[in-house]
Amino acid sequence: MNASEDSVRAGVSGDLADPIFWRAGAIATTVVMLIMLAFLTIDSYRYISAGGINVPKYDVINQQIGYQYDWSRHADVPVIGGSQPMFGHTVTQAQAAELIRQGKSVIQSRACMDCHTFFGNGAYYGPDLTKSWLDPAWRQIWMPMTGKATREDAMVEFLMHPDKYPTWNRRMPNLHLSEAEARATVAYLKWTSAVDTNGFPANFGQVVRQP
Ligand code: HEC
């Protein structure tokens, strides 16, 4: 007994029993989905690449970064302000890209995400670092504690000796970052704080709005 006899018995019309019909359907669906995938991939790049819709260019680290609640979007969004170079030096686009690349490689090589989260990936043993640059604790706690006059200097000092400046019951171990590594990490953190994450992590803005 062949397939068509089977389907005649089951009352299925000839077209549906024909394997060519199903093969053509599978091929057509795969082709349409591949086109969709290509479109969505290209479209995502418009949002997620540096200089894209949600992600600023690397040299945004030369500017002031604020964080404000946007009532129309019901989310906290970064506000890029005037000039505020890190460590007192304005960097070029290429220098900023290189610093941020180094910072990212420090973060990857030291497995900071075993304890911390970036953009929803990682662990919650330590604070979420996506918007850490904007944390009021740098000004309120770590600048006085480290005796440093700027946020970036306090961050470098903390990253090089986190065991010396604890602020709560969970401690960050000393990962022996060099000063250059710590500076690059701070550049990376300043850049991620300027990324429009649609208000993620939630409620971080409320923390920022406290006096
Ligand atoms: C073993 C877990 C652990 C690892 C690994 C770790 N941290 Fe931490 N980190 C913590 C904890 C816990 C705190 C909170 C410390 C405190 O406030 O006293 C913290 C705090 C921080 C803060 C301050 C965050 C804020 O806004 O309050 C930064 C920035 C930071 N870590 C960066 C890093 C980087 C960069 C790495 C990798 C080079 C790293 N951490 C690796 C546990 C860790």
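**Reading a predicted fold, one feature at a time**

Colleague: Between which two helices is the loop that holds asparagine 198?

Modeller: Look between α7 and α8, since the loop joining them is the place of asparagine 198. Helices here are DSSP runs of H or I with at least four residues, strands are runs of E with at least two, and both are numbered from the N terminus. Before we go on, residues are numbered from 1 along each chain as its sequence is written. This is a predicted model, in which local features need pLDDT of at least 70 and side-chain atom pairs count only at pLDDT 80 or more, while totals for chains, interfaces and linings use all residues.

Colleague: What is the phi of asparagine 198?

Modeller: Most residues other than glycine have a negative phi. Asparagine 198 goes the other way, with a positive phi of about 55 degrees. Alanine 111, in the loop between α4 and β3 (117-118), also has a positive phi, near 55 degrees.

Colleague: Is alanine 111 buried or exposed?

Modeller: Count the other C-beta atoms, placed from the backbone, within 10 Å of a residue's own: 20 or more is buried, 12 or fewer is exposed, and in between is partly exposed. Alanine 111 has 12 such neighbours, so it counts as exposed. Asparagine 198 also has 12 C-beta neighbours inside 10 Å and therefore counts as exposed.

Colleague: Which residues does the cis peptide bond join?

Modeller: Most peptide bonds are trans. Here a cis bond joins phenylalanine 200 to proline 201, with omega about -5 degrees. Proline 201 is in the loop between α7 and α8 (204-209).

Colleague: How many residues of α7 are buried?

Modeller: In α7 the count is 13 of 15, so you can call the helix mostly covered. It reaches 21 Å from its first C-alpha to its last, close to the 21 Å expected at 1.5 Å times one less than the number of residues.

Colleague: And how many residues of α3 are buried?

Modeller: The number is 0 of 30, so α3 lies largely in the open. This helix (residues 19-48) reaches 43 Å from its first C-alpha to its last, close to the 44 Å expected.

Colleague: What are the domains into which the chain is divided?

Modeller: They are domain 1 (3-48) and domain 2 (59-209), with bounds from an automatic or database domain assignment. Their C-alpha centres lie 48 Å apart.

Colleague: Which residues touch the most other members of the largest nonpolar core?

Modeller: Nonpolar side chains tend to be buried together in soluble globular proteins. A core here is a set of buried Ala, Val, Leu, Ile, Met, Phe, Trp, Tyr and Cys residues joined through C-beta atoms within 7 Å. The largest has 29 residues, and Ile61, Ile100, Met155, Val186, Ala187, Tyr188 and Trp191 touch the most other members. Two or more residues come from each of α4 (93-109), α6 (151-160) and α7 (179-193), and α7 gives the most, with 7.

Colleague: What does tryptophan 191 touch?

Modeller: Contact means C-beta atoms, placed from the backbone, within 7 Å. Leaving out residues up to four places away in sequence, tryptophan 191 touches Tyr58, Val60, Ile61 and Ile100. Threonine 185, also in α7, touches Gly103, Val106, Ile107, Leu159 and Leu177 under that exclusion. Threonine 185 is buried because 26 other C-beta atoms lie within 10 Å. Its C-alpha is 6.8 Å from that of lysine 104, although the two are 81 residues apart in sequence.

Colleague: How many residues surround the ligand?

Modeller: There are 24, and the closest are Cys112, Cys115, Gly126, Asp135 and Met172; a residue is near if its C-beta atom, placed from the backbone, lies within 6 Å. By class, the shell has 14 nonpolar (Ala, Val, Leu, Ile, Met, Phe, Trp, Tyr, Cys, Pro), 5 charged (Asp, Glu, Lys, Arg) and 5 polar residues (the others, Gly among them).

Notes. Contact = placed C-beta atoms within 7 Å.
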